[in-house]
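Here is my note on the model, as numbered points. Please read it beside the sequence and the coordinates.

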Amino acid sequence: MFGNIYDIQKRKMDFNKSIEELKKTLDESDAVILGAGAGLSTSAGYIYTGERFDNYFSDFSEKYHFNDMYSGGFYPYESMEEFWAYWSRYIWINRYAPIPSDLYDRLLRLVEGRDYFVITTNVDHCFQRAGFDKKRLFYTQGDYGLLQSSRPAGESAHKTYDNEEIMKNMVLAQGFEIGSNNELIVPDGKEILTKIPSKLLPYCPDDNEPMTTNLRADSTFVEDDGWFVAANRYEDFLRRHKNLNVVYLELGVGGNTPGIIKYPFWKFVAENKKASYVCINKGEAIAPGDILSRSICIDADIREVVDCLID
């Protein structure tokens, strides 16, 4: 498909000129497909280290010597009571507590009035929480707000389960408080426990197996009915816009799962001479040489770019 798959380049361009070119490209487009990766949520304030980590996980860090939320998510805890104490905090602050900034709201302003679709590997549900049309969203890798059976089969094979009340009970049982806006509050002078009561351990209502997070990690990941509906809507959107002037706008997609967004976007642009590829990624704004002339690569923070586009 590409003359040289290794001919990946950065198209160097003055920042202001690239913004003007992007504005023009968006205004002339028939549709915009947003491909969003972890870098977008990072730009929105979902930082997994530093102050946010220390505020809610210093006890786990002191005991197990990891220094970021991501590492803690893979730690082999001594019990499921401890596992869910960690994960309930993790899920609450990254799924139910307020989004740290208004970046997603501003991104919605950018696409309002346009024919758009969003495909994302993010699992924090920020697009829908910010008001994006849920019929124009495809979350490929799961949702912090869902649980599934750890051994899905039979009735549980294609089912997921909302977890808000389950997570709320878990964090409250540890000694946290929850504000009126769902902020997770560490009360002064109150001991925070690192285990939940055994009675709060979640079991699947359909097969009675222990439940786990609905996050794609292995072959047991459940793609439920909603997942397939969204996947079909995305495929239909691609089909209906196949030969139109489409902007494939990639936001903060790294190299962990390039086969979901990045490589398909390159392929779609290579096959459609009317299409354009946009990559906004601090430190990783690249494009293949074969589509470089129809690419805009902006090496900058996503928030900075979005602000320039809508203000």
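**Notes on the predicted model**

1. His125 is buried, with a relative accessible area of 12%. This residue sits in the loop that joins strand S3 (116–120) to helix H7 (126–129). The structure is a predicted model, and in it His125 has a positive phi of about 65° although it is not a glycine. Most residues other than glycine have a negative phi.

2. Asn208 is another non-glycine residue with a positive phi, again about 65°. Its place is the loop between strand S8 (184–185) and S9. Is Asn208 buried or exposed? Asn208 is exposed, and its relative accessible area is 60%. His125, by contrast, is buried at 12%.

3. The loop of Asn208 leads to S9, a member of an open sheet of three strands. The strand order there is S6-S5-S9, and the pairing is antiparallel. Strand S6 (161–162) and strand S9 (211–215) are the edge strands, each pairing on one side only. Helix H5 (residues 80–96) packs on this sheet and touches S5 and S9. The direction of H5 makes about 140° with that of S5.

4. Strand S5 (residues 142–149) pairs with S9 over four bridges in the antiparallel sense. Among the bridge partners, Ser149 is matched with Met211 of S9, and Leu147 with Thr213 of S9. Although S9 is an edge strand, four of its five residues are buried, so S9 is largely enclosed by the rest of the structure.

5. The other sheet to check is open as well and has six strands, in the order S4-S3-S2-S10-S11-S13, with parallel pairing. Strand S4 (137–139) and strand S13 (295–298) stand at its edges; each has a single partner strand, so one side of each is left without a neighbour in the sheet. Neighbouring strands of this sheet are turned by 10° against each other on average, direction ignored. S3, which precedes the loop of His125, belongs to this sheet.

6. At the S13 edge, the partner is strand S11 (residues 276–280), and the two pair in the parallel sense over four bridges. Ile280 stands opposite Ile298 in S13.

7. H5 also packs against helix H8 (residues 164–173): their axes come within 9 Å and cross at roughly 120°. That angle makes H5 oblique to H8. The crossing of H5 and H8 is left-handed. From H5, the contact is made by Trp84, Ser88, Arg89, Ile91, Trp92 and Tyr96; from H8, by Glu164, Met167, Lys168, Met170 and Val171. By class, the residues of this contact divide into seven nonpolar, one polar and three charged.

8. Helix H6 (residues 103–111) and helix H11 (residues 302–310) form another helix pair, with axes that come within 10 Å and cross at roughly 40°. H6 is thus oblique to H11, and H6 passes H11 in a left-handed crossing. On the H6 side the contact uses Leu103, Arg106, Leu107, Arg109 and Leu110. On the H11 side it uses Ile302, Arg303, Val306, Asp307, Leu309 and Ile310. Seven nonpolar, no polar and four charged residues make up the contact of H6 with H11.

9. Helix H10 (residues 262–271) is mostly covered, with seven of its 10 residues buried. The buried residues are Lys262, Pro264, Phe265, Trp266, Phe268, Val269 and Ala270. The presence of Lys262 among them may be worth a look in the coordinates.

10. Asp59 belongs to helix H3 (residues 50–64). Asp59 is partly exposed, with a relative accessible area of 22%. Which residues does Asp59 contact, leaving aside its neighbours within four places in sequence? They are Arg89, Ile192 and Thr194. Arg89 is also one of the H5 residues in the contact with H8. The C-alpha atoms of Asp59 and Asn169, 110 residues apart along the chain, are separated by 20 Å.

Conventions: Residues numbered from 1 in each chain as written. Predicted model: local features only at pLDDT ≥ 70, side-chain atom pairs only at ≥ 80, totals over all residues. Heavy atoms only, no water. Pairing = 2+ DSSP bridges. Contact = heavy atoms within 4.5 Å. Axes fitted to C-alpha atoms, helices over the stretch in contact; angles between N-to-C directions. Buried < 20%, exposed > 50% of the residue type's maximum accessible area, 1.4 Å probe, protein only. Parallel < 35°, antiparallel > 145°, perpendicular 65-115°, else oblique. Left-handed = near helix turned anticlockwise from the far one by under 90°. Nonpolar A, V, L, I, M, F, W, Y, C, P; charged D, E, K, R; others polar.
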